[in-house]
Amino acid sequence: MSHLIIKDLAYQYNATQVLSELNLNVEQDEIVCLLGASGCGKTTTLKAIAGILQPDQGYMSIDSKVVNDSGLFVAPEKRNIGMMFQDYALFPHLTVSDNIAFGLSNMSKAQKRERVDEMLSLVKLDGCAQRYPHQLSGGQQQRVAIARALAYKPSLLLLDEPFSNIDTQVRFELIADIRRIIKAQQVSAVFVTHSKEEAFAFADTLAVMHGGKIAQQGSPEQLFSQPNSKVVAEFLGTGIYLTAKVLTPTEYETAFGVVHSLTPNNADCQQGQVYIRPHHIQLCEAAHSDANSLTILHRRFIGTRYVYRINIAGQECEVAAEQDRVLAVEQPVKIKIMPHTVNFFHD
């Protein structure tokens with residue numbers, strides 16, 4: 001059952017169309033990530049869901065309650081939404097306990113104490129109740145922020161770039177922890193980031209945005225292996241395009257040989273391009289006389305192996321060697337494209 005439904009949302013700012021015909025569904029207890037480059041409309045969408053800004057048009061319902069439609073706009077405080085901001089927005093003059101209890105105005109003192117203790121235990125900050133935000137690490141401050149956002153049991157949680165200020169070394173451990181906390185509370189969530197790595201680790205579903213619209217929504221695995229457009233393919237991972245002719249639903253002829261797909265593609269045209277990611281390419285040694293040989297431009301050691309920069313059809317990319325062989329700069333090589341789920345786009 002859809003917990004958040006958005007249909008044909010549009011918003012214009014200073015005569016610039018920021019959102020246009022945006023459609024989004026978030027299921028009950030699902031974490032959806034709005035992912036995209038700067039300026040694609042991610043934060044504007046989050047503000048529209050929160051009620052911080054009023055869309056020019058569109059329908060929106062949260063937990064079966066309509067909050068935006070023609071002639072209807074529900075104020076932010078009546079949407080039962082929890083928010084976690086990039087800078088956490090903790091009150092510096094309040095203790096951890098008082099920060100978490102801030103939104104619990106309809107509870108008795110005993111109920112507040114019980115709920116705060118429950119949240120402190122959930123976010124593993126037992127014993128920190130009387131500390132102040134400046135006495136906590138960045139990760140601990142983030143846990144306080146998520147505890148405060150969840151304390152009054154919101155219907156929907158919104159997170160705006162919540163991990164951007166966290167040190168890289170502990171970021172993914174914290175992402176796993178915050179995901180566990182949200183899942184334990186059985187709350188639907190919408191999460192904004194520009195980081196593919198954070199999105200893959202945190203979200204159940206990705207909604208890639210481009211030009212104020214949702215370009216594609218689905219699981220991380222589905223969007224990575226079966227993007228519906230070049231925009232989605234390029235945003236989720238680097239690669240190169242090769243001109244290709246469709247031979248069969250699983251075979252594509254290129255200048256570097258036939259590329260085999262693990263899944264069939266019912267393409268309605270015979271000519272187009274295949275998008276090949278570097279991990280599907282292997283280098284092998286070639287003779288100088290080989291017409292299809294390429295030259296290694298640069299070699300880089302990454303700890304466990306080397307990666308090699310080469311130019312393929314006018315596009316540079318870094319790839320690994322066959323069976324981790326060590327190759328030399330300027331050495332002639334050939335490429336072998338491994339069987340995979342091929343992304344084919346017609347011209």
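**Exercise 1.** How many residues lie between β13 and β14 in their hairpin?

*Solution.* Keep in mind that this is a predicted model. Start by finding the two strands: β13 covers residues 251–254, and β14 covers residues 257–260. They run antiparallel and are joined by four bridges. For a landmark, look at Y252, which sits opposite V259 in β14. Now check the link: β13 and β14 make a hairpin with two residues between them.

**Exercise 2.** Work out what β13 does with β12, and which of its residues are on the covered face.

*Solution.* First, locate β12 at residues 240–248. Next, see how it meets β13: the two run antiparallel, with three bridges joining them. T248 faces E251 in β13 across this pairing. These two strands form a hairpin as well, with two residues between them. Finally, split β13 by face: Y252 and T254 are on the covered face, while E251 and E253 are on the uncovered one. So you've now met Y252 twice: on the covered face of β13, and opposite V259.

**Exercise 3.** Trace the open sheet of five strands and pick out its edges.

*Solution.* Write down the strand order, β2-β1-β4-β5-β6, with antiparallel pairing. The edge strands are β2 (16–27) and β6 (72–73), as each pairs on one side only. Now zoom in on the β2 edge. Its partner β1 spans residues 2–13, and the two pair in the antiparallel sense over eight bridges. To find your place there, spot L9, which stands opposite L22 in β2. What holds such strands side by side? Strands of a sheet pair through backbone hydrogen bonds.

Conventions: Residues are numbered from 1 along each chain as its sequence is written. This is a predicted model: local features need pLDDT of at least 70, side-chain atom pairs count only at pLDDT 80 or more; totals for chains, interfaces and linings use all residues. Side-chain values use heavy atoms; hydrogens and water are left out. Buried means under 20% relative accessible area, exposed over 50%, partly exposed in between (1.4 Å probe, protein chains only). Two strands pair if DSSP finds at least two bridges between them.
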